[in-house]
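Got the viewer open? Let's take a short walk through this one, picking a spot at each stop and seeing what sits there.

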Amino acid sequence: MSTHLLSIAILACIAVALVLAIKGTIPRNKKSTTAPSPAIATSAQSERVVVMPTAGGRLEVATVLARETLKRSDSRILFDFLDLGTTASEIRVDAVYRYHVGMQRAWPLRIIGTSCLVHVGAVRPTLPVAFDSATVERRTASGWARFNKAENLRELERSLTGLLADRAPLYRHQAQEAGRAVVAEFVAEWLVREQQWQRDPEHRVVVLFPGERLPLVTGDLPLAPQ
C-alpha cells in the first residue's frame with residue numbers, strides 16, 4: 001500500500017516539474033511601446049450649386065483716373081545726311097478708364113459651407129476712353145528747319161482716342177482687384193435676398209477671374225486665391 005502511495009507521489013512531482021519547465025520556456029508577452037494612433041477627425045461641408053439669374057449685358061467694376069502724357073515726333077533727314085530737325089508735340093490730359101465684366105444670363109454659384117465661389121469673365125476696358133477736355137495741355141515745336149508743328153499737333157490730337165485705348169491694358173490689374181470686391185458685393189446682395197445668406201465675417205464670396213484657381217483644401221474655401 002505504501003509503495004503504491006509512493007509511486008503516486010513521485011508521478012505527481014514529475015508532473016508538476018514538467019508544468020513548471022514548460023511555463024518557463026514560453027516567452028512572456030511584453031507591453032507594446034508604440035504610441036496609440038491619434039483619432040482621425042473628418043468633417044464634410046454641405047456643397048450645392050445655385051444659379052443666379054442676371055439681366056446680361058455688362059457690369060462696370062472699376063474706374064481708374066490717370067494723368068496721361070502723349071507725344072508725337074516727326075524727324076526729317078535730307079539726302080540721307082542733312083538732319084533738318086525733329087518736330088515734337090505733346091498733349092497732357094486727365095483720362096478716365098472704365099472697366100467691366102460681361103454678364104452671362106445665369107451665373108452658377110458653388111456654395112460650400114459659409115463660402116460661395118463664383119467664376120467670372122475677364123475684366124475688359126470700356127472703350128472709347130473718356131477724358132476731360134478742360135484738362136488738356138498742348139505743346140508743340142518744329143525742328144530747326146521744319147515748319148510743321150501745327151500739323152504735327154493736329155495729327156496727335158486725331159490719334160488721341162486710339163492712344164488712350166492702347167494704354168487701357170496698363171491699368172487692368174488695378175481694375176481687376178477693385179472689381180473683385182464689386183462682383184463679390186453684387187453676388188452677396190442676391191444671396192442675402194434669395195438664399196438666406198448672412199452678412200457676417202463667416203459668410204464670404206470668393207471671386208475668381210480666368211486663370212485663377214484655388215488650392216485643394218478641406219472645409220470652407222480660403223479668403224483669397226493663391
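Start by selecting residues 149–158: that's helix α2, and Asn152 is found in it. Keep in mind as you look around that this is a predicted model.

Now color Asn152 on its own. Is Asn152 buried or exposed? It counts as buried, because its relative accessibility is 1% and the cut-off for buried is under 20%. So what is Asn152 in contact with, once its neighbours within four places in sequence are left aside? Add these to your selection: Arg72, Ser73 and Asp74, then Thr87, Ala88 and Ser89.

Next stop, strand β3. Select residues 82–102 to bring it up, and pick out Leu82 within it. Leu82 counts as partly exposed, because its relative accessibility comes to 33%, a value that belongs between the 20% and 50% cut-offs.

Keep Leu82 selected and add Leu78, Phe79, Phe81 and Trp144. Together, these five residues make a nonpolar surface patch of about 630 Å².

Time to zoom out. Show the whole chain as a cartoon and you can trace 4 helices and 7 strands. Following the sequence, they come in the pattern α-β-β-β-β-β-β-α-α-α-β.

Switch to a surface view for the last stop. The chain exposes about 15,600 Å², with 57% of that supplied by carbon and sulfur atoms. Of its 226 residues, 31% are buried. And if you turn on contacts with a separation of 6 or more, 77% of them are between residues 24 or more positions apart.

Methods:
Residues numbered from 1 in each chain as written. Predicted model: local features only at pLDDT ≥ 70, side-chain atom pairs only at ≥ 80, totals over all residues. Heavy atoms only, no water. Patch = residues over 30% accessible without salt bridge, like charges linked within 9 Å, V, L, I, M, F, W, Y side chains within 5 Å. Areas by Shrake-Rupley, 256 points an atom, 1.4 Å probe, with all protein chains shown as cover. Salt bridge = Lys/Arg side-chain N within 4 Å of Asp/Glu carboxyl O. Helix = DSSP H or I, 4+ residues; strand = E, 2+ residues; numbered from the N terminus. Buried < 20%, exposed > 50% of the residue type's maximum accessible area, 1.4 Å probe, protein only. Contact = heavy atoms within 4.5 Å.
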